[in-house]
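Reader: I have a sequence and a model open on my screen and would like to talk them through with you. Could we go residue by residue and then helix by helix?

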Amino acid sequence: MFEKIREIIVEQLGVDESAVTLETQLMKDLEADSLDAVEIIMAIEDEFDIEVPDEDAEKFQCIGDITKYVEEKVN
C-alpha cells in the first residue's frame with residue numbers, strides 16, 4: 001500500500017523516492033502546495049477506487065496518515 005502511495009507522490013511532485021517515508025509531511029517536507037495535495041488525493045482515489053472527503057483529507061499530517069486511511073478504506 002505504502003509503495004503505491006509513494007509512487008503516486010513521487011510522480012506528482014517529481015521528488016526522489018527516498019524523500020518519501022511514512023513520517024514525511026507533504027507540505028512541510030516535500031513543499032507541496034494545496035493544489036499538489038488535491039492532485040495526490042485524486043490520484044489515490046483513482047488508484048484505490050475510494051473516495052476521500054475533504055474533511056478527512058485535511059486531517060492528513062504525514063504520508064503514514066494517508067497510508068493508514070487508505071488501508072482502512074480498502075480492507
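Reader: Where is Lys73 placed?

Author: This is a predicted model, and in it Lys73 has its place in helix α5.

Reader: And is Lys73 buried, partly exposed or exposed?

Author: Lys73 counts as partly exposed, because its relative accessibility is 46%, and partly exposed covers the range between under 20% for buried and over 50% for exposed.

Reader: How far apart are Lys73 and Asp49, in sequence and in space?

Author: Along the sequence Lys73 and Asp49 are 24 residues apart, while in space their C-alpha atoms are 9.5 Å apart.

Reader: Where does Asp49 lie, then?

Author: Asp49 lies in the loop between α3 and α4, and with a relative accessibility of 71% Asp49 counts as exposed. Its phi is near 55 degrees, which is a positive value in a residue other than glycine.

Reader: What sign does phi have in most residues other than glycine?

Author: Most residues other than glycine have a negative phi.

Reader: Which other residue that is not a glycine has a positive phi?

Author: Glu31 has a positive phi of about 55 degrees, although it is not a glycine. Glu31 has its place in the loop between α2 and α3, and it is exposed, with a relative accessible area of 69%.

Reader: Back to α5 for a moment. What about Glu72, is it buried or exposed?

Author: Glu72 also has its place in helix α5, and it counts as exposed because its relative accessible area is 52%, where the cut-off for exposed is over 50%. The C-alpha atoms of Glu72 and Met27 are separated by 23 Å, with the two residues 45 places apart along the chain.

Reader: What span should the residues of α5 have?

Author: The 12 residues of α5 should span 16 Å at 1.5 Å a residue, and the C-alpha atoms at its ends are 16 Å apart, so the two values agree.

Reader: Which residues of α5 are buried, and what do they pack against?

Author: The buried residues of α5 are Ile63, Gly64, Ile66, Thr67, Tyr69 and Val70, and they pack against α1, α2, α3 and α4.

Reader: Switching to α3: how many residues does it have, and how far does it reach?

Author: α3 has 15 residues and reaches 21 Å from its first C-alpha to its last, which is close to the 21 Å expected at 1.5 Å a residue. At its N-terminal end α3 is capped by Asp33, a side-chain oxygen of which lies 3.1 Å from the backbone nitrogen of Leu35. After α3 comes Asp49, with its positive phi near 55 degrees.

Reader: Which of its residues are buried?

Author: In α3 the buried residues are Asp36, Ala37, Ile40, Ile41, Ala43, Ile44, Glu45 and Phe48, and the buried residues of this helix pack against α1, α2, α4 and α5.

Reader: And α1, what is buried there?

Author: Phe2, Ile5, Arg6, Ile8, Ile9 and Val10 are the buried residues of α1, and their packing is against α2, α3 and α5. α1 is followed by Gly14, whose phi is positive, near 65 degrees.

Reader: Where does Thr24 lie, and is it buried or exposed?

Author: Thr24 lies in the loop between α1 and α2, and it is buried, with a relative accessible area of 4%. Leaving aside neighbours within four places in sequence, Thr24 is in contact with Ala19, Asp29, Leu30, Cys62 and Ile63. In addition, a polar atom of the Thr24 side chain lies 2.7 Å from the backbone nitrogen of Thr21.

Reader: Last topic, pockets. How much space lies in the largest pocket?

Author: The largest pocket holds about 350 Å³ of space. It is lined by 19 residues, of which Leu26, Met27, Ala37, Ile41 and Ala57 are the closest to its centre.

Reader: Which elements give two or more residues to that lining?

Author: Those elements are α2, α3, α4 and α5, and the largest share, 6 residues, comes from α3.

Reader: How does the lining divide into nonpolar, polar and charged residues?

Author: The lining of the largest pocket has 12 nonpolar, 3 polar and 4 charged residues.

Technical notes
Residues numbered from 1 in each chain as written. Predicted model: local features only at pLDDT ≥ 70, side-chain atom pairs only at ≥ 80, totals over all residues. Heavy atoms only, no water. 1 Å grid on protein atoms, 1.4 Å probe; cavity = no way out; pocket = protein on both sides within 12 Å on 5 of 7 lines; lining within 4 Å. Points joined across faces, edges and corners; volume = space filled by probe spheres on them. Helix = DSSP H or I, 4+ residues; strand = E, 2+ residues; numbered from the N terminus. Nonpolar A, V, L, I, M, F, W, Y, C, P; charged D, E, K, R; others polar. Buried < 20%, exposed > 50% of the residue type's maximum accessible area, 1.4 Å probe, protein only. Polar contact = N/O pair within 3.5 Å; in protein donor to acceptor, adjacent residues only side chain to side chain. Contact = heavy atoms within 4.5 Å. Expected span 1.5 Å × (residues − 1).
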